[in-house]
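Okay, thanks everyone for coming. I'll talk through one structure today, and you can follow along on the screen.

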Amino acid sequence: MREGRGVALMVKRKKWGNCLAIVLLSVLCLVFLIPFFLMILTSLKSMPEILASRFVWKPEKWLFANYIEAMKKGDWEVYFANTFIVTVITVAISLVLNSMAGYGFARIPFRGRDVLFFFTLTGMMIPQQITMIPVFVNLKNFPLAGGNDLLGHGGTGMINTYAGLVIPYIAGAFGVFLCRQFYMNFPVSLDDAAKIDGCSRFMAYFRIYLPLSKPILATLAVLKASQTWNDYLWPLIMVNNNEKMTVQVAVISKFTTEYSIQWNLLMAATALVILPLLILFLFTQKYFVEGIVATGIKG
Amino acid sequence: MMAGKSKKRLGRIGNEPIGYVFIAPFYLFFLYMVLLPILNMAVNSFTNYDLYKTRDFIGLENYRNLFQDSIFLQSVWNTFIYSAMYIVPTMVLGLLFGLWMSRESKGFHILRTGFYLPYLISMVCASTIWLWIFDPSAGVVNQILRVLGWETYDWLKDPDMAMGCVVFISIWKNMGYCMLIYLSGIKAIPAYLYEAAEIDGASRVQRFWYITLPMLQPTTFFLFITSCIASFNVFEQVNVLTNGGPLNTTTTVVHQIYIRGFTQFKMGYASAMSVMLFLAVCLITLVNFRFGNQGQDTDIG
């Protein structure tokens with residue numbers, strides 16, 4: 001009897017503790033997300049209101065027209081289209097290359113496999129910032145591209161092209177690592193069975209492995225898409241004209257004059273740049289989180 | 001661990017050259033965009049390459065200049081300052097929130113999303129939002145300080161404040177990542193360890209200190225290594241928020257590489273800087289390979 005009451009009390013206390021924790025953490029979370037609320041509220045204010053000496057959270061008038069006006073500063077439909085195209089091509093090519101290579105490393109024995117894979121692992125640790133100079137030089141001097149001659153001189157190479165943006169992204173080794181980890185978990189008997197049935201490696205890959213790898217490909221696609229959409233460094237270096245500009249570069253270059261920044265339009269554009277990613281996130285939350293967590297799993 | 005496994009498989013099945021066909025498409029890009037560039041970078045660092053005409057070998061001159069370049073030395077110092085101020089708070093916060101969020105209920109799932117939302121957006125977007133928040137006249141921080149009657153600052157243009165602001169924003173943005181990684185680490189700790197400890201009468205603090213923390217050691221190590229590499233390469237927030245100013249107090253190594261390489265076109269000189277950064281990252285990677293598997297092999301079964 002006494003014991004029963006003790007347990008009941010403990011459960012009750014635990015429940016209360018849980019509630020308290022939720023309330024406290026919710027408040028903390030709201031504070032944490034204040035920058036996002038500020039972004040949206042500011043994007044709906046007028047410039048005089050923003051510069052007024054007294055700060056008010058709520059916009060006087062909700063100026064949704066700011067969003068339209070922001071999109072008129074520069075050719076935003078072009079920037080969005082560029083970023084979208086680069087993202088889609090990068091994701092598509094990455095999926096093919098990475099799952100193939102991941103399968104090769106995981107399931108097929110061949111001479112030098114471990115050494116080659118070790119290089120891939122090491123390459124994965126090297127951030128793009130370190131190799132940006134030589135990669136840029138390589139792409140600029142790419143033979144026969146952009147008016148270059150056979151030795152890669154004379155033209156602009158892959159500067160201001162989609163290829164120049166996509167190629168460095170698809171060379172990233174993380175997807176190979178991810179796919180390899182996934183394919184390693186398949187039983188060896190699967191390969192044996194396929195072999196006995198006269199299945200070539202290609203057929204086994206296309207007929208058996210690929211249909212089973214939807215979850216890992218979805219994870220990889222979402223991860224790659226968000227990385228490509230969010231990247232700033234590479235478009236900053238590779239693109240120097242308006243026609244191939246991406247949203248991340250446009251957002252910081254289109255609203256700043258020498259003397260002032262149009263905060264309401266800048267915040268509107270920022271919100272619009274975040275929006276496609278947020279929509280993707282809403283629909284693929286599970287894969288998103290898996291992708292982020294996967295970066296923490298190591299061989 | 002993987003070498004042993006694959007050797008066994010190699011012995012059993014043999015050598016199938018078709019494997020090269022599978023890895024070739026990726027490997028060509030990888031060779032051309034990751035491995036070859038490292039060699040190119042090393043070669044270029046001994047030249048005065050300017051992207052257009054000249055590319056003469058000048059020996060060690062770039063490196064000699066590097067150690068007399070006060071701005072570069074400052075950028076190295078700044079990068080260390082950034083790393084020192086960024087890594088520990090981000091990881092501690094990530095661990096704390098990971099522990100708080102590890103309970104399984106609907107509410108916590110939604111809260112979790114809130115805390116890693118900043119991690120999903122681009123560094124550029126995060127920076128533009130904070131650029132406004134820290135704006136000296138219209139920004140909300142100074143508005144609040146003014147209402148309270150306190151002193152206001154020109155946050156991002158004050159040599160004493162600018163780096164702190166950059167670090168603060170980076171922590172805000174990346175804390176959620178550490179939280180997620182810690183969460184998955186916490187989930188992997190078997191529940192029976194806690195049950196056994198509870199039976200033995202271990203307090204909450206003891207359970208954290210003697211079970212959670214040691215079990216999370218591989219996670220902590222991984223986060224420390226990746227955070228080190230990431231903060232050695234910090235660039236985007238610096239370029240957007242301060243452009244290295246005021247008085248070079250926020251310029252970082254990658255920012256210097258960018259400035260020298262892509263605004264002054266001193267590709268040889270910038271390559272020498274990249275080589276130094278590459279060596280630093282290699283050192284960290286070596287530490288990782290040397291100590292990375294410690295604690296992961298401990299069998300708790």
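Let's start right where two helices from the two chains meet: A:Val289, A:Ile292 and A:Val293 in α15(A) contact B:Tyr177, B:Leu180, B:Ile181 and B:Ser184 in α8(B). Before I go on, keep in mind that this is a predicted model. If you sort that helix pair by class, you get six nonpolar residues, one polar and no charged ones.

Now the geometry. Two packed helices are described by the angle between their axes and the distance between the axes. Here the axes of α15(A) and α8(B), which covers residues 162-187 of chain B, come within 9 Å and cross at roughly 85°. Angles from 65 to 115 degrees count as roughly perpendicular, so α15(A) and α8(B) are roughly perpendicular to each other.

Let's zoom out to the whole contact between the chains. How many residues does it take from chain A and from chain B? It's 72 from chain A and 72 from chain B. On the chain A side, helix α15, residues 263-294, gives the most, with 11 residues. That side of chain A breaks down into 51 nonpolar, 16 polar and five charged residues.

Okay, chain B. There are 14 helices and zero strands in chain B, so if you wrote out the elements from the N terminus, you'd just be writing α again and again. The C-alpha atoms of chain B fill a box of roughly 75 × 70 × 30 Å along the principal axes. Of the 301 residues in chain B, 39% are buried. And if you take the contacts in chain B between residues at least 6 apart in sequence, 70% of them join residues at least 24 apart.

One helix of chain B I'd like to pull up is α14, residues 267-291. It has 25 residues, and from first C-alpha to last it reaches 35 Å, close to the 36 Å expected at 1.5 Å a residue. Which residues of α14(B) are buried? They are B:Met267, B:Gly268, B:Tyr269, B:Ala270, B:Ser271, B:Ala272, B:Met273, B:Ser274, B:Val275 and B:Leu277. As for what those buried residues pack against, the list includes α7 of chain A, residues 128-140. From chain B, the partners are α2 (18-44), α3 (61-66), α4 (70-101), α11 (217-232) and α13.

Staying in chain B, here's a stretch of backbone for those of you who like checking torsions. Most residues other than glycine have a negative phi, and most peptide bonds are trans. Now look at the loop between α12 (236-241) and α13 (253-263) of chain B, where B:Pro246 lies. The peptide bond from B:Gly245 to B:Pro246 is cis, with omega near -20°. Then B:Leu247 has a positive phi of about 55°, although it is not a glycine. B:Asn248 has a positive phi too, about 60°, and is not a glycine either. Both B:Leu247 and B:Asn248 are in that loop between α12 and α13.

Are those two buried or exposed? B:Leu247 has 11 other C-beta atoms within 10 Å, and the cut-off for exposed is 12 or fewer, so B:Leu247 is exposed. B:Asn248 has 16 C-beta neighbours inside 10 Å, so B:Asn248 counts as partly exposed.

Back over to chain A. Chain A is divided into domain 1, residues 2-51, and domain 2, residues 72-294. The centres of those two domains, taken over C-alpha atoms, are 36 Å apart. The contact between them takes eight residues from domain 1 and seven from domain 2. On the domain 1 side, α2 (34-43) and α3 (47-51) of chain A each supply at least two residues. α2(A) gives the most there, with four residues. By class, that side of domain 1 has four nonpolar, three polar and one charged residues.

Last stop, a single residue: A:Ala194, in helix α10 of chain A, residues 188-196. With 19 C-beta neighbours inside 10 Å, A:Ala194 counts as partly exposed; buried would take 20 or more. Leaving out residues up to four places away in sequence, A:Ala194 touches A:Cys199, A:Ala204 and A:Ile208. And how far apart are the C-alpha atoms of A:Ala194 and A:Leu150, which sit 44 residues apart along the chain? They are separated by 45 Å.

That's what I have. Happy to rotate the view if anyone wants another look.

How values were computed:
Residues are numbered from 1 along each chain as its sequence is written. Chains are lettered from A and ligands numbered from 1 in the order in which they are written. This is a predicted model: local features need pLDDT of at least 70, side-chain atom pairs count only at pLDDT 80 or more; totals for chains, interfaces and linings use all residues. Domain bounds come from an automatic or database domain assignment. Ala, Val, Leu, Ile, Met, Phe, Trp, Tyr, Cys and Pro count as nonpolar, Asp, Glu, Lys and Arg as charged, and the others, Gly among them, as polar. The expected span of a helix is 1.5 Å times one less than its number of residues. Axes are lines fitted to C-alpha atoms, for helices over the stretch in contact, and angles run from 0 to 180 degrees between N-to-C directions. Angles under 35 degrees count as roughly parallel, over 145 as roughly antiparallel, 65 to 115 as roughly perpendicular and the rest as oblique.
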